[in-house]
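Me: I would like to go through this model step by step, with each answer argued from the geometry before it is given.

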Amino acid sequence: MTGAKLNVAVVLSGCGVFDGSEIHEAVLTLLALNRQGADYQCYAPDMDQHHVINHLNGEEMDETRNVLTEAARIARGDVKDLKELNAAAAAAVIFPGGFGAAKNLCSFAFDGPDCSVNKEVARVVGDFHAAGKPIGALCIAPAMMAKLVRGAEVTIGQDPAAAQAIEKMGAVHSKTNPCEVVVDAANKLVTAPCYMLDSTISQIADGAGNAVKELLALA
């Protein structure tokens, strides 16, 4: 890559696989962007998480946490309110996975194909799609793209129930293995399964890296 660096927006959904952003996917996405010569800025919605999960035992905790505040843990404090993001601010946008994408950014974890999407997430995806700028989504985050981008081709790996739900939303699901990505060139949409499959952290690094490579190529 030559000339000015591309700036990519990374949208986080909290901090922690069971109620926020999957930390490995988020950090390895940032690493891939840096290693491939792009700058990035993290964003997250300023809202309460759907719930808080004790990651040691999987039980729900009786407390409230803020998605933006929790995302700041991953971003080392350098994170902006998602309301500040529009298509003019970045060359591309990417959404790491984790249950936060399906609980906080949308309600897919609870409502499947009848899910709703956070209004700021819907606005951002709509802005980037209308501007012809590429959008990336990892793990379960492609379910949001199925809801928001008519006829999108995406992957969440091989889970039959999730794939069926995605197809009920009018999208096309492509089955993938670890490290593979799906590029919907018509919609400038890049998706990768990451931890939707039983993957090692090295495979997550490769999958995130491959997704970032394709995202930057479209930009």
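**Questions on a predicted model**

Reply: Before the questions begin, one starting point: in this predicted model, Asn-104 counts as buried, at 5% relative accessibility.

Me: Which backbone nitrogen lies 2.8 Å from a polar atom of the side chain of Asn-104?

Reply: Asn-104 sits in the loop between helix H3 (99–103) and helix H4 (108–111), and beyond its neighbours within four places in sequence its contacts include Ser-13, Met-47, His-50 and Asn-118. A polar atom of its side chain lies 2.9 Å from the backbone oxygen of Ser-13. The backbone nitrogen at 2.8 Å from a polar atom of that side chain is the one of His-50.

Me: Is His-51 buried or exposed, and what is its relative accessible area?

Reply: His-51 is found in the loop between E2 and strand E3 (52–53), and, not counting residues up to four places away in sequence, it touches Phe-18, Asp-19, Glu-60 and Lys-103. With Lys-103 there is also a polar contact of 3.0 Å between the two side chains. Buried means under 20% relative accessible area, and His-51 is therefore classed as buried, its value being 13%.

Me: What is the order of the strands in the open sheet of seven strands?

Reply: The pairing in this open sheet is mixed. Its edge strands, each of which pairs on one side only, are strand E5 (79–81) and strand E10 (182–184), and neighbouring strands are turned by 25° against each other on average, direction ignored. Read across the sheet, the order is E5-E2-E1-E6-E7-E11-E10.

Me: Which residue of E2 is the bridge partner of Asn-7?

Reply: Strand E1 (residues 7–11) and strand E2 (residues 39–44) are joined in the parallel sense by five bridges, and Val-11 stands opposite Tyr-43 in E2. Four of the five residues of E1 are buried, so this strand is largely enclosed by the rest of the structure. For Asn-7, the bridge partner in E2 is Asp-39.

Me: What angle does the direction of helix H5 (residues 119–130) make with that of E6?

Reply: Helix H2 (residues 67–74) packs on the sheet by touching E2 and E5, and its direction makes about 160° with that of E5. Helix H5 also packs on the sheet, where it touches E6 and E7. The angle between the directions of H5 and E6 is about 140°.

Me: How far apart in space are Ile-74 and Cys-42, C-alpha to C-alpha?

Reply: Ile-74 lies in helix H2 and is buried, with a relative accessible area of 11%. Its contacts, leaving aside neighbours within four places in sequence, include Leu-12, Cys-15, Ile-23 and Val-27. Ile-74 and Cys-42 are separated by 32 residues in sequence, and their C-alpha to C-alpha distance is 9.1 Å.

Me: Which residues of strand E7 (residues 135–138) point the other way from Ile-135 and Ala-137?

Reply: In a regular strand the side chains alternate between the two faces of the sheet. Strand E7 pairs in the parallel sense with strand E6 (residues 92–95) over three bridges, Ile-135 being the bridge partner of Val-93, and four bridges join E7 to strand E11 (residues 189–192), again in parallel. Leu-138 stands opposite Ala-192 in E11. All four residues of E7 are buried, and those pointing the other way from Ile-135 and Ala-137 are Gly-136 and Leu-138.

Me: Which elements give two or more residues to the lining of the largest pocket?

Reply: The largest pocket holds about 220 Å³ of space. Of the 13 residues lining it, the closest to its centre are Gly-98, Phe-99, Cys-139, Ile-140 and Met-196. The elements giving two or more residues to this lining are H3 and H4.

Me: What is the phi of Cys-179, a residue other than glycine?

Reply: Most residues other than glycine have a negative phi. Arg-76, in the loop between H2 and E5, has a positive phi near 55° and counts as exposed at 79% relative accessibility. Cys-179 is found in the loop between strand E9 (172–173) and E10 and is partly exposed, with a relative accessible area of 23%. The phi of Cys-179 is also positive, near 80°.

Definitions and conventions:
Residues numbered from 1 in each chain as written. Predicted model: local features only at pLDDT ≥ 70, side-chain atom pairs only at ≥ 80, totals over all residues. Heavy atoms only, no water. Buried < 20%, exposed > 50% of the residue type's maximum accessible area, 1.4 Å probe, protein only. Polar contact = N/O pair within 3.5 Å; in protein donor to acceptor, adjacent residues only side chain to side chain. Contact = heavy atoms within 4.5 Å. Pairing = 2+ DSSP bridges. Axes fitted to C-alpha atoms, helices over the stretch in contact; angles between N-to-C directions. 1 Å grid on protein atoms, 1.4 Å probe; cavity = no way out; pocket = protein on both sides within 12 Å on 5 of 7 lines; lining within 4 Å. Points joined across faces, edges and corners; volume = space filled by probe spheres on them.
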